[in-house]
Amino acid sequence: MPVGPTLLVFVSFSMPEPALERLVDQAARTGATLVLRGLVEDSMQKTVARVQRVIGQRKVGFQIDPQAFDRFSITAAPTFVLLKAGAVAAPCAAGTCFPASSFVAAAGDVSIDYALKYFRRTAPSFSRDAGVVLAALKKGQP
């Protein structure tokens with residue numbers, strides 16, 4: 001089965017709670033993965049507790065990956081990164097990198113659907129991939 005596009009949403013616990021809640025809800029419906037830069041107060045236990053509070057019973061992928069912030073040059077949260085279906089990483093200084101033509105990114109306090117529609121308007125080569133994730137959001141399941 002071919003691998004579809006991947007949506008990563010780079011977040012921070014310093015974001016306003018309603019914005020984070022909205023992104024968690026939409027990530028559960030689209031299969032997006034939420035990415036944190038690091039630990040809450042340098043504690044894995046506090047981080048896990050905070051993640052569990054935010055996610056609740058929703059099925060959401062969550063990872064702590066400071067190198068991903070470097071890999072995609074993330075400087076603000078939230079930032080949305082859409083990787084094309086079949087994008088292949090290669091070794092680089094940040095561990096693994098993707099060619100610039102294999103992903104598109106946008107930052108701002110917006111919803112996942114807004115970011116995907118923005119990608120469709122501004123990056124035509126990503127229109128199909130954005131459409132796949134938007135369709136999942138509309139169905140309400142990944």
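**Strand β1, the core and the salt bridges**

Student: In this predicted model, which residue of β2 does V9 stand opposite?

Tutor: Three bridges join β1 to β2, and these strands run parallel. Within this pairing, the residue opposite V9 is L34.

Student: And which residue in β4 is the bridge partner of L8?

Tutor: β1 also pairs with β4, through five bridges. Here the strands run antiparallel. The bridge partner of L8 is V81.

Student: What is the handedness of the β-α-β crossover from β1 to β2?

Tutor: Follow the chain out of β1. It passes through α1 and then enters β2. This crossover is right-handed.

Student: Is β1 mostly covered or mostly open, and how many of its residues are buried?

Tutor: β1 spans residues 6-10. The strand is mostly covered. Of its five residues, the number buried is four.

Student: Which element gives the most to the largest nonpolar core?

Tutor: That core has 31 residues, and L7, V9 and V11 are among those with the most contacts inside it. Several elements each supply at least two of its residues, including β1, β4, α4 and α5. With six residues, the top contributor is α1.

Student: L7 ranks among the best-connected core residues. Which residue of α5 does L7 touch?

Tutor: Leave out residues up to four places away in sequence. L7 then touches A32, T33, V81, L82, I112 and L116, among others. α5 covers 127-139, so the listed contact that falls in this helix is V133.

Student: How many residues make up the other core?

Tutor: This core lies apart from the largest one. F10, F72, I74 and F98 are among its members. Its residue count is eleven.

Student: Which residue does R58 meet in a salt bridge?

Tutor: R58 sits in the loop between α2 and β3, and its partner lies in helix α1, 37 residues apart. The closest approach is 3.0 Å, N to O. The partner is E21.

Student: Is R58 buried, partly exposed or exposed?

Tutor: Its relative accessible area is 26%. Buried needs under 20% and exposed needs over 50%. R58 is therefore partly exposed.

Student: Where do R29 and D25 both lie?

Tutor: They form a salt bridge, with the closest N and O atoms 3.0 Å apart. They are four residues apart, about one turn of the helix. Both lie in helix α1.

Student: K46 and E41 also form a salt bridge. Which of the two counts as exposed?

Tutor: The closest N and O atoms are 2.5 Å apart. K46 has 43% relative accessibility, so this residue counts as partly exposed. At 60%, the exposed one is E41.

Technical notes:
Residues are numbered from 1 along each chain as its sequence is written. This is a predicted model: local features need pLDDT of at least 70, side-chain atom pairs count only at pLDDT 80 or more; totals for chains, interfaces and linings use all residues. Side-chain values use heavy atoms; hydrogens and water are left out. A nonpolar core is a set of buried Ala, Val, Leu, Ile, Met, Phe, Trp, Tyr and Cys residues joined through side-chain atoms within 4.5 Å. Buried means under 20% relative accessible area, exposed over 50%, partly exposed in between (1.4 Å probe, protein chains only). Contact means heavy atoms within 4.5 Å. Two strands pair if DSSP finds at least two bridges between them. A crossover is right-handed if, with the strands pointing away from the viewer, the path from the first strand over the helix to the second runs clockwise. A salt bridge is a side-chain nitrogen of Lys or Arg within 4 Å of a carboxyl oxygen of Asp or Glu.
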